Amino acid sequence: MTAMAHEPLSQEDVLLEGFLALDTPEGFRAELIEGEIVVTPPPDGDHEKYISRIVRQVIRRSQTDMDFSGNKGLKLRSGGACPKNHLVPDVTFGPIERDLFAGADSWMPCDGVAMVMEVTSTKPQADREAKRRCYARAGIPLYLLLDRGTAQVTVFSEPKDDDYREHCARPFGKSVTLPEPFAFDLDTADLL
């Protein structure tokens, strides 16, 4: 019998393997964000209300018919020596014609995703900064952030490198334009 030599695992591989092997408690979600494992508790009712109000508008008003998935795991490019980021947006939107979610693994690539949405909760800085960088680096065209701490909605667009080149922020109660392929003014009055 011949022994086979194996390459030693890198720190990034060990982190990724450990992350993928986590047994997260029911209702919690784990993400690997820029080399850090982040575990988030179940959301509160207001968090879910915000998601419901936005998803309803996108489905009814978007110029392109959209599918959506709540808490869909996405594998994203990473920066530096970190393993691939594994993020779970509150909502992921993709054109129905792309059928992104059919047959997808629990962690799917982000190719074809039109927009991700996050509602801030227990770790708002992750949504405001680290996740924004991850989504931009992955080339996701639009990132919609509903920031409960600042009571504003922001649409980030035109991803380049580690950030979005454009953003438009409005206070809750004011509408904000979602660009193509959505192409409608998102009403945030019922977020007050």
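Select strand 8 (residues 115-119) first, where M115, M117 and V119 point one way and V116 and E118 the other way. In a regular strand the side chains alternate between the two faces of the sheet. Strands (E, at least two residues) and helices (H or I, at least four) are DSSP runs, numbered from the N terminus. Is strand 8 largely enclosed or open? In strand 8, 5 of the 5 residues are buried, so the strand is largely enclosed by the rest of the structure. Here, buried means under 20% relative accessible area, exposed means over 50%, and partly exposed lies in between, with a 1.4 Å probe and protein chains only.

The model on the screen is predicted: local features need pLDDT of at least 70, side-chain atom pairs count only at pLDDT 80 or more, and totals for chains, interfaces and linings use all residues. Residues are numbered from 1 along each chain as its sequence is written, and side-chain values use heavy atoms, with hydrogens and water left out.

**The partners of strand 8**

Next, add strand 6 (residues 91-95) to the selection; strand 6 runs antiparallel to strand 8 and is joined to it by 3 bridges. Two strands are said to pair if DSSP finds at least two bridges between them. To locate one such bridge, select F93, whose partner in strand 8 is M115.

Then select strand 9 (residues 142-147), which pairs with strand 8 in the parallel sense over 5 bridges. For E118, the bridge partner in strand 9 is L145.

**T92**

Return to strand 6 and select T92, which has its place there. T92 is buried, with a relative accessible area of 0%. Which residues does T92 contact beyond its neighbours within four places in sequence? They are D67, F68, S69, K72, L74, F101, V113, M115 and V116, where contact means heavy atoms within 4.5 Å. Select A114 as well: A114 and T92 are 22 residues apart along the chain, and their C-alpha atoms are separated by 7.8 Å.

**S157**

Move to strand 10 (residues 152-160), where S157 is found. S157 counts as buried, at 16% relative accessibility. Residues up to four places away in sequence aside, S157 touches P141, L142, Y164, R165 and E166.

**D187**

Now select D187, in the segment after strand 13 (184-186). D187 has 37% relative accessibility and counts as partly exposed. Outside its neighbours within four places in sequence, D187 is in contact with Q57, R61 and S175. F172 is 15 residues from D187 in sequence, and the two lie 8.8 Å apart in space, C-alpha to C-alpha.

**The whole protein**

Finally, display the complete chain. How many helices and strands does the protein have? Its secondary structure comes to 3 helices and 13 strands. The radius of gyration is 18 Å, close to the 16 Å that the globule rule gives for 192 residues, so the protein is as compact as a globular protein of that length. This radius is taken over C-alpha atoms, and the globule rule is 2.2 Å times the number of residues to the power 0.38. Along the principal axes, the C-alpha atoms fill a box of roughly 70 × 35 × 30 Å.

Of the 192 residues, 41% count as buried. Among contacts with a separation of 6 or more, 56% come from residues 24 or more positions apart.
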